[in-house]
2 protein chains.
Amino acid sequence: MSSDVCCFAEARRVAIFGGTHGNEMSGIMLVSMWTKNDSEIRRSRVHTKPFMCNPRAVEKCARYIDTDLNRAFTAENLSTPGGDELPYEVRRAKEINQIFGPKGSPDAYDVIFDLHNTTSNMGSTFILESSTDHFNLQMVHYIKKSMAPESCMVLLNEHPQLKYATTRSVAKHAVGLEVGPQPQGVLRSNIFESMRMIVKHALDFIEMFNSGVEFPACRVQVFRVHERVDYPRDTNGNIGAMVHPHLQDCDWEPLNPGDPMFQTFDGRTIVYEGAGSVYPTFINEAAYYEKHQAFVTTFRETLAVNSIRKNTK
Amino acid sequence: MSSDVCCFAEARRVAIFGGTHGNEMSGIMLVSMWTKNDSEIRRSRVHTKPFMCNPRAVEKCARYIDTDLNRAFTAENLSTPGGDELPYEVRRAKEINQIFGPKGSPDAYDVIFDLHNTTSNMGSTFILESSTDHFNLQMVHYIKKSMAPESCMVLLNEHPQLKYATTRSVAKHAVGLEVGPQPQGVLRSNIFESMRMIVKHALDFIEMFNSGVEFPACRVQVFRVHERVDYPRDTNGNIGAMVHPHLQDCDWEPLNPGDPMFQTFDGRTIVYEGAGSVYPTFINEAAYYEKHQAFVTTFRETLAVNSIRKNTK
């Protein structure tokens with residue numbers, strides 16, 4: 001049915017972002033490596049630009065200097081006229097928007113891959129922001145097939161309240177990539193090589209797409225963000241419990257009503273009391289204590305993805 | 001043979017240090033918990049003081065503010081007359097030395113336990129600074145027996161160049177405790193509970209010792225610090241290789257000449273070329289990139305420990 005074919009312009013301008021968070025080492029090392037020698041990411045029909053997003057945070061091996069860059073790409077920040085008095089990451093967001101955007105404009109980059117690590121046991125995970133971006137969904141489908149039997153999950157963050165203003169959001173097609181578990185400030189070879197392989201497959205896909213290959217309709221399993229769950233806290237905001245050992249490291253496994261969720265310091269178990277089964281992820285991510293999130297719950301669903309090809313003119 | 005019995009004064013004043021590094025969460029949470037309610041660490045013959053060493057770093061969830069507190073207890077720092085212009089941790093070292101020392105004096109605390117986490121797969125590890133402190137060695141022997149079948153290793157850092165001026169070094173008996181693997185900024189319940197249990201056994205030992213129990217001669221297996229091994233680096237100081245997947249997470253397992261040690265970014269393997277087998281540990285610890293240490297090698301040996309009892313008058 002040709003009515004189901006989505007046509008997109010060629011994706012000529014692609015950026016690979018590392019160091020959006022300055023202590024997530026895989027993307028930092030890959031971008032640094034590819035900046036010196038881009039032979040691995042060169043394709044004949046794609047211009048690929050590796051880019052270090054938060055060099056000052058990378059220098060300090062900290063997530064950020066003043067504020068989280070990956071929450072800074074709001075319309076308000078990007079349009080504010082301010083200068084040196086702005087938080088460092090707001091200034092940096094404006095610069096990145098100038099180079100790779102402007103966000104939402106025809107001049108914006110076609111695709112941005114933003115490379116992240118997590119301390120959670122999430123494996124390799126794409127974070128997508130739209131269930132109707134068939135280009136991204138086809139790309140993810142292609143990569144999942146290419147990576148098999150290694151698995152690659154898709155976290156779909158379309159939630160009106162929980163969606164945030166990401167660095168990659170300046171592109172027409174925004175792709176977040178989380179690979180874990182890896183502690184902040186540590187470079188593990190297995191995590192590094194997984195991320196490297198995923199980027200390779202992604203660029204291969206774009207090259208094929210640009211060369212005119214049509215990708216047939218398919219289905220992609222995604223985990224849709226549902227709810228943020230915080231640690232129990234006292235009146236001063238200090239946490240009063242830990243992720244329960246039965247939940248720790250069990251990202252993507254079903255959490256059912258009555259299942260252990262937290263363990264208090266005096267040994268009591270707090271169970272999950274939702275209405276039905278959910279799939280938790282980002283369980284016990286270091287950076288999310290300050291964001292009041294012990295994990296996020298998701299629902300599993302399967303998206304029907306249209307076939308895609310490039311515009312013929 | 002009574003000539004082999006070492007006599008020590010009762011260990012009445014004991015401190016438990018957390019937050020020497022502000023992003024090592026188990027000790028921070030335990031000290032914070034015990035400061036509010038000390039019933040768990042109370043013993044009739046021991047006065048136990050929980051203490052947060054670097055509250056500003058804890059607040060920021062960073063290892064340190066200006067300089068590593070756990071390297072700051074040098075004679076020079078502790079005797080410097082300076083004030084507010086000194087690095088925060090040097091000022092803090094002087095304060096801690098006033099409260100729990102002075103280091104090397106009869107007024108110093110009897111025992112300090114300093115609670116640390118590591119991103120390395122070291123399990124529970126004591127760090128001792130002397131092979132002739134029979135009090136500490138007897139305590140470790142008691143705890144190892146009490147923890148079995150869970151293992152508890154002993155890293156002996158008596159190396160003249162690699163020994164460093166630790167926070168705990170102000171006490172007569174200095175005991176470092178590392179438990180891992182745990183990412184910086186993360187609290188894992190399994191690591192928390194292991195640390196808590198070790199402190200419990202340690203205080204039980206001191207209580208028994210103070211009550212007059214004699215502990216017979218024994219043997220303790222330790223791993224003696226031999227050499228620091230850095231990542232391969234380029235002329236700018238950037239790392240040029242990662243810990244090899246065959247070495248990653250293999251703390252305490254023998255590394256033999258010819259065994260893989262590092263993997264370069266272009267896939268080459270760098271092997272260990274030492275003269276004989278060593279036991280690496282602190283493999284890929286996040287905080288040691290800046291200290292130019294990918295791991296430390298050790299030799300395994302068994303120490304003969306004298307029997308101990310308290311002074312009878």
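This is a short tour of a predicted model with two chains, stop by stop.

**Before you start**

Residues are numbered from 1 along each chain as its sequence is written, and chains are lettered from A, with ligands numbered from 1, in the order in which they are written. Because the model is predicted, local features need pLDDT of at least 70 and side-chain atom pairs count only at pLDDT 80 or more, while totals for chains, interfaces and linings use all residues; side-chain values use heavy atoms, with hydrogens and water left out.

**Stop 1: the two domains of chain A**

Colour residues 5-222 and 303-310 of chain A as domain 1, then 230-288 as domain 2. These bounds come from an automatic or database domain assignment. The domain centres, taken over C-alpha atoms, are 29 Å apart.

Now select the places where the domains touch. You should find 14 residues of domain 1 in contact with 11 residues of domain 2, where contact means heavy atoms within 4.5 Å. Together the domains bury about 1100 Å², with 55% of it on carbon and sulfur atoms. Buried area is the accessible area (1.4 Å probe) that two parts lose on being put together, summed over both.

Which three residues should you click on here? A:T119, A:N121 and A:M122 supply 38% of the area that domain 1 buries against domain 2, more than any other three residues.

Next, look at what holds hands across this boundary. The rule finds zero salt bridges between the domains; a salt bridge is a side-chain nitrogen of Lys or Arg within 4 Å of a carboxyl oxygen of Asp or Glu. There are, however, eight residue pairs in polar contact, both at pLDDT 80 or more. A polar contact is a pair of N or O atoms within 3.5 Å; within protein, one must be able to donate a hydrogen and the other to accept it, and residues adjacent in sequence count only if both atoms are side-chain atoms.

**Stop 2: where chain A meets chain B**

Show both chains. Here 28 residues of chain A are in contact with 28 residues of chain B, and the area buried between the chains is about 2200 Å², of which carbon and sulfur atoms give 56%.

How many salt bridges cross between chain A and chain B? The rule finds two. For one of them, select A:R188 and B:D249, whose closest N and O atoms are 2.7 Å apart. Between the chains there are also 10 residue pairs in polar contact.

Then highlight helix 6 (189-210) of chain A. Helix 6 gives the most to the side of chain A that touches chain B, with four residues. Helices (H or I, at least four residues) and strands (E, at least two) are DSSP runs, numbered from the N terminus.

**Stop 3: the axis**

A rotation of 180 degrees with 0.0 Å of shift along its axis superposes chain A on chain B, with RMSD 0.0 Å. The two copies are thus related as by a two-fold rotation axis. The superposition is by least squares on the C-alpha atoms of residues with pLDDT of at least 70 in both copies. To find the axis, select A:P183, which comes closest to it of the residues of chain A, at 2.3 Å (C-alpha). Also, 100% of the interface residues of chain A are interface residues in chain B, so the copies meet through the same surface.

**Stop 4: two loops**

Zoom in on A:G101 and A:P102, where the peptide bond is cis, with omega near -5 degrees. A:P102 lies in the loop between helix 4 (88-100) and strand 4 (111-117) of chain A.

Finally, select B:C61, which has a positive phi of about 50 degrees although it is not a glycine. B:C61 sits in the loop between helix 2 (55-60) and helix 3 (75-79) of chain B.
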